[in-house]
Amino acid sequence: MNFTTALLVWYDQNARELPWRGSRNPYVIWVSEIIFQQTRIDQGTSYFLRFVERFPDLKSLAAAEEDEVLRLWQGLGYYSRARNMLFTARHICENLGGTFPSEFKSIRSLKGIGDYTASCIASICFGQVHAAVDGNVYRVLSRLFGEKAAIDSSRGQVLFKKLAQGLISHDRPGDFNEAVMDLGAMVCKPRNPVCMVCPVSRLCKAYAMNMQVELPVKAPSIKKSASVMNYVLIRQENGIVIQKRRGKGIWNGLYELPIVAGDKGNDELVAECRTLYGITVESLKEIRRIKHVLTHAELDIRFYAVEASSSATHSGKSLLFVPTDRIKEYPFPKPLVDFIDSLDEC
Ligand code: SF4
């Protein structure tokens with residue numbers, strides 16, 4: 001029995017039960033694939049269920065406010081995914097007659113949809129023969145073929161896509177893609193592959209050569225940049241002052257406390273609060289410091305409680321006073337969510 005047949009026989013008996021399994025609705029598959037690109041199944045399933053309950057189709061998503069979409073996404077990180085989904089839903093509704101495209105090339109041309117997601121949608125929903133290659137698939141294939149090309153190099157990505165495309169079932173392309181992902185998640189696990197129960201062990205080079213732990217190979221990681229962010233907590237009556245983050249960063253469109261960037265002493269912070277926000281600071285005290293690690297950066301985030309004698313307004317900024325009981329209506333990045341959740345202790 002070849003790899004493809006053995007895999008599909010195994011899949012028919014062992015497929016994971018997931019809320020979107022069995023669906024051929026491109027909207028549902030799109031949402032699931034975008035959510036689970038950077039998120040584990042156990043962490044992301046409740047997000048998926050909440051998302052499709054609130055936005056069951058393209059039309060409801062296209063009509064949504066960005067704030068609400070980001071709030072549902074809050075905690076998942078990589079917020080550009082949510083912003084792109086909203087953009088694409090609106091684009092399909094306004095320019096493509098409200099119907100999700102069915103051809104791989106058209107799907108791939110949508111904002112926020114890369115080769116992997118387009119391949120999933122095209123194969124699962126429309127039966128097209130496009131292999132989807134994600135982290136699970138890289139791992140299975142590099143072990144199966146004993147292939148040492150780095151999975152995060154462009155050479156490796158082209159190579160593994162070609163290998164997957166050479167194996168994919170032409171009768172059941174969607175099932176094949178889901179089967180390789182399931183094999184990677186359930187059997188060919190990153191640290192402890194369960195080769196004894198693997199349906200393709202007799203075809204696997206890594207197993208034959210006892211090289212499972214050495215594969216897949218990754219390129220040496222790039223050193224993360226470090227930056228300091230000082231958040232200023234200004235309480236006024238029964239609420240706090242926040243602002244919407246603008247610009248190109250990953251938290252663009254989310255809300256945050258007034259911020260001063262850089263490793264600053266108290267006097268500098270006081271001066272910048274005046275310059276940036278028109279706030280006359282009477283006293284300032286550091287109340288919490290956390291490290292937050294992103295893919296390419298390590299953030300040293302410091303929170304300061306501030307007593308201010310003038311109201312926090314400045315013509316160049318859009319500061320917003322929000323009563324404490326309405327703060328959860330606004331989407332915040334994860335470190336801010338944790339801080340705001342513990343505001344009673346501050
Ligand atoms: S035999 Fe082991 S290493 Fe090879 S594909 Fe199966 S689980 Fe992975």
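Helices and strands here are DSSP runs, numbered from the N terminus, with at least four residues for a helix and at least two for a strand. On that basis the protein has 14 helices and 7 strands. The model is a predicted one.

Start with the whole protein. Its C-alpha atoms fill a box of roughly 80 × 50 × 35 Å along the principal axes. Of the 346 residues, 49% are buried. Now take the contacts with a sequence separation of 6 or more. Residues 24 or more positions apart account for 65% of them.

Next, go to helix 3, residues 41-54. Its 14 residues should span 20 Å at 1.5 Å a residue, and its end C-alpha atoms are 20 Å apart, so the two values agree. The buried residues of helix 3 are Gly44, Thr45, Tyr47, Phe48, Phe51 and Val52. In an α-helix there are 3.6 residues a turn, so residues three or four places apart point the same way. Keep that in mind when reading the buried set: Gly44, Phe48 and Val52 are among its members. Helix 2, helix 4, helix 5 and helix 6 are included in what covers these buried residues.

Leu49 also belongs to helix 3. Its relative accessibility is 42%, between the 20% limit for buried and the 50% limit for exposed. Leu49 therefore counts as partly exposed. Compare its position with that of Ser142. The two residues are 93 apart in sequence, and their C-alpha atoms are 33 Å apart in space.

Helix 6 comes next, at residues 80-95. It has 16 residues, which at 1.5 Å a residue should span 22 Å; the end C-alpha atoms are 21 Å apart, which agrees. Its buried residues are Arg81, Ala82, Arg83, Asn84, Met85, Leu86, Thr88, Ala89 and Ile92. Two arginines, Arg81 and Arg83, are in that buried set. The buried residues of helix 6 pack against helix 2 (26-35), helix 3 (41-54), helix 4 (58-62) and helix 5 (66-73).

Look at the backbone on either side of helix 6. Tyr78 is in the loop between helix 5 and helix 6. It is not a glycine, yet its phi is positive, about 45°. Tyr78 counts as partly exposed because its relative accessibility is 36%. Just after helix 6, Gly97 takes a positive phi of about 70°.

Most residues other than glycine have a negative phi, and most peptide bonds are trans. The loop between helix 12 and strand 1 holds an exception to each habit. Asn210 lies in this loop. Its phi is positive, about 55°, although it is not a glycine. Asn210 is exposed, because its relative accessible area is 59%, over the 50% limit. Pro216 is in the loop as well, between helix 12 (205-209) and strand 1 (225-236). The peptide bond from Leu215 to Pro216 is cis, with omega near 0°.

Finally, turn to the ligand. Where does the ligand sit? The ligand occupies the largest cavity. The residues around it are Arg143, Val187, Cys188, Pro193, Cys195, Cys198, Ser201, Cys204, Tyr207 and Gln212. This shell divides into 7 nonpolar, 2 polar and 1 charged. Cysteine counts as nonpolar in that tally, so Cys188, Cys195, Cys198 and Cys204 fall in the nonpolar group. Arg143 is charged.

Note on methods
Residues are numbered from 1 along each chain as its sequence is written. This is a predicted model: local features need pLDDT of at least 70, side-chain atom pairs count only at pLDDT 80 or more; totals for chains, interfaces and linings use all residues. Side-chain values use heavy atoms; hydrogens and water are left out. A residue is near a molecule or strand if one of its heavy atoms lies within 4 Å of it. On a 1 Å grid over the protein atoms alone, a cavity is a set of points where a 1.4 Å probe fits but cannot get out, and a pocket is an open set with protein on both sides within 12 Å along at least five of seven lines; lining residues have an atom within 4 Å of a point. A molecule sits in a cavity or pocket if more than half of its atoms lie within 2 Å of its grid points. The expected span of a helix is 1.5 Å times one less than its number of residues. Buried means under 20% relative accessible area, exposed over 50%, partly exposed in between (1.4 Å probe, protein chains only). Contact means heavy atoms within 4.5 Å.
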